[in-house]
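Let's take a friendly walk through a protein model, looking at how its helices pack and where some of its residues sit. Keep the structure open beside you as you read.

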Amino acid sequence: MAANVSPKQEAPNQLRRNAVGVAHIVFFVVAAAAPLTAVVGVTPAAFAYGNGPGVPGTFLLVGLLYLLFSVGFTAMSKFINSAGGFYPYITAGLGRPAGVAGALIALATYNAIDIAVYGLFGFFANDIIKSQGGPDIAWWVYAFGLGIAVYFCGTRNIAFSGKVLGFCMIAEIAILLLLAVAILADGGGPESIHAAPFGPQAIFAKGCGVALVFVVSSFIGIEATVIFGEEARDPRRAIPRATYIAVSLIAVFYAFSTWAIALHYGPSNIQAEANAHIATIYISAVRELLGTALALIMNGLLLTSIFACALSFHNTINRYFFAIGREGLIWSGLARTNGLHGAPHVAGAVQTVLAMGITAIFAITGQDPYAVVVAWMGTFASLGILVIQVIVSIAAIAFFRKDRRGLGISHRVIAPGLSALGLGGCLVLMAANLAVVSGSDSLFVDCFPAMLAAIGAAGFGFAVWTRSRRPAVYANLGRAFE
């Protein structure tokens, strides 16, 4: 009789190798972008406060910008295979102090996203259940329930999360595609079917800068491809492919979905319609064209979309904690993985406690889950991710300046240089429109740029302190990823 064979045990400080392919990684990235959440929750604001019918074309424009960003980013990925996300990329290009500064900004950014997602889930779960005659339960109860579910999914191997995210993503994309097809089959609305929303006159109309702010925020998470480099099969090919596919899919799908809804109400009327009914323009269209039952299904899929988003960012944050724990910057226990699944379960527990703790503070102080938790944390995260992306673009130029590594000037200088300029422009626009993006003129929100600068300075200073007080740890920074 054959002996029982137990599942392969991973080393205690090692992620599971060869666990995910291109499809899994794309699922993670697109799930982090949360198609249904972004389309239903973000694009109405872009229509209302931005360039109105030019939003679909703006998605394609920003998609091209992120493809430029991906050129230098993925070129570096062939030489840096890491679970540390942006951290090792900045370290390799700009040095260890800059890398640690970037790691702290990234951790603050992703944790802010996670908290925003918990608030969003609590808000919509309570609203949907009440609308169906259910009890009025405090939003934070749903938020804590989401946190527990996400934590347990995160302790499984990364392929399991990839499958969960894949099913969620396919379902939410399917209903948005169904709505778009129904709109086109209905003749495209009062102004028929035409491509005017993709023209330069529509894209660069008044409000283009504000629309860019909202559209850019819809691409948060595209950098997650490299975070799974240690767990990917053939990472040198998988990471670039997954990045280009994910960016292209997000840009084209969002452009198509927003084009369809603009046609449904009429491009000349979509801005006024979004201003009047900013929370319901998609649900109302589904109810009108597909029926009440599918509108209810769309509400349910909105919750699964938010869950998928939370799980994706949970896995991303875990791997940041894992990376800096493995390098000895903070508690090394964060680098422990469970033997069966190779998942960073200690980092997952710490991240969950941290996010739930801050969520509890918002709940205890009676803050509105949407107007404060979602809006403020989402604004902080959007600002932070742009800061990091600009730094990474500059790091790519610096990295290949030392050694061209057989690459042409377009990959080494032109693409990352253009992305740094473009993303830098978006960063300036966002900083200048914080009140519009957050829906608040709070002094606390106004301080977000200064907070990010302070976090980066603290990381830089900590690295310098480590160099003088813990030289062995400092010398190892970045080497775990070489």
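## A covered helix

The buried residues of α10 pack against α3 (43–49), α4, α9 (200–203), α17, α18 (409–432) and α19 (434–438). Helix α10 itself runs over residues 208–217, and 8 of its 10 residues are buried, so you can think of α10 as mostly covered. If you would like to find the buried residues of α10 in the display, look for Cys 208, Val 210, Ala 211, Leu 212, Val 213, Phe 214, Val 215 and Val 216.

## The whole chain

Please remember that this is a predicted model. The secondary structure of the protein chain comes to 22 helices and 0 strands. The chain has 482 residues, and 58% of them count as buried.

What about contacts between residues that are at least 6 apart in sequence? In the protein chain, 84% of these contacts join residues at least 24 apart. On the outside, the chain exposes about 18200 Å², and carbon and sulfur atoms supply 66% of that area.

## Two residues of helix α4

Helix α4 covers residues 55–77, and it is one of the partners of the buried residues of α10. Is Gly 63, a residue of α4, buried or exposed? Gly 63 has a relative accessibility of 3%, and because buried means under 20%, Gly 63 counts as buried. Leaving aside its neighbours within four places in sequence, Gly 63 is in contact with Phe 219, Val 247 and Ala 251. Take Ala 251 from that list: Gly 63 and Ala 251 are 188 residues apart in sequence, yet their C-alpha atoms are 5.0 Å apart in space.

Leu 61 also belongs to α4. Its relative accessible area is 33%, so Leu 61 is partly exposed, a label for values between 20% and 50%. Not counting residues up to four places away in sequence, Leu 61 touches Ile 203 and Phe 204. The C-alpha atoms of Leu 61 and Ala 255 are separated by 9.7 Å, and these two residues lie 194 residues apart along the chain.

## How α4 meets α17

Two packed helices are described by the angle between their axes and the distance between the axes. Helix α17 (residues 369–402) packs with α4 at an angle of about 50 degrees, and their axes are 9 Å apart. That angle makes α4 oblique to α17. The crossing of these two helices is left-handed.

Which residues of α4 and α17 meet? From α4 come Tyr 66, Phe 69, Gly 72, Phe 73, Ala 75 and Met 76. From α17 come Leu 386, Gln 389, Val 392, Ser 393, Ala 395, Ala 396, Phe 399 and Phe 400. By class, the contact of α4 with α17 has 11 nonpolar, 3 polar and no charged residues.

## Two partners for α16

Helix α16 (residues 345–364) meets helix α15 (residues 292–326), and their axes come within 9 Å and cross at roughly 115 degrees. The crossing of α15 and α16 is right-handed. On the α15 side, the contact is made by His 314, Ile 317, Asn 318, Phe 321 and Phe 322. On the α16 side, it is made by Ala 347, Gly 348, Gln 351, Thr 352 and Leu 354. This contact has 5 nonpolar, 5 polar and no charged residues.

Helix α6 (residues 96–131) also packs with α16: their axes come within 10 Å and cross at roughly 55 degrees. These two helices are therefore oblique to each other, and α6 passes α16 in a right-handed crossing. Here Asn 111, Asp 114, Ile 115 and Tyr 118 in α6 meet Gln 351, Leu 354, Ala 355, Met 356, Ile 358, Thr 359 and Phe 362 in α16. The residues of the contact of α6 with α16 divide into 7 nonpolar, 3 polar and 1 charged.

## Two loop residues to look up

Ser 192 is found in the loop between α8 (158–185) and α9. Its phi is near 60 degrees, a positive value in a residue other than glycine. With a relative accessible area of 38%, Ser 192 is partly exposed.

Arg 405 has its place in the loop between α17 and α18. Phi of Arg 405 is near 50 degrees, again a positive value in a residue other than glycine. Arg 405 is partly exposed, with a relative accessible area of 36%.

Key. Residues numbered from 1 in each chain as written. Predicted model: local features only at pLDDT ≥ 70, side-chain atom pairs only at ≥ 80, totals over all residues. Heavy atoms only, no water. Axes fitted to C-alpha atoms, helices over the stretch in contact; angles between N-to-C directions. Helix = DSSP H or I, 4+ residues; strand = E, 2+ residues; numbered from the N terminus. Left-handed = near helix turned anticlockwise from the far one by under 90°. Contact = heavy atoms within 4.5 Å. Nonpolar A, V, L, I, M, F, W, Y, C, P; charged D, E, K, R; others polar. Buried < 20%, exposed > 50% of the residue type's maximum accessible area, 1.4 Å probe, protein only. Parallel < 35°, antiparallel > 145°, perpendicular 65-115°, else oblique. Areas by Shrake-Rupley, 256 points an atom, 1.4 Å probe, with all protein chains shown as cover.
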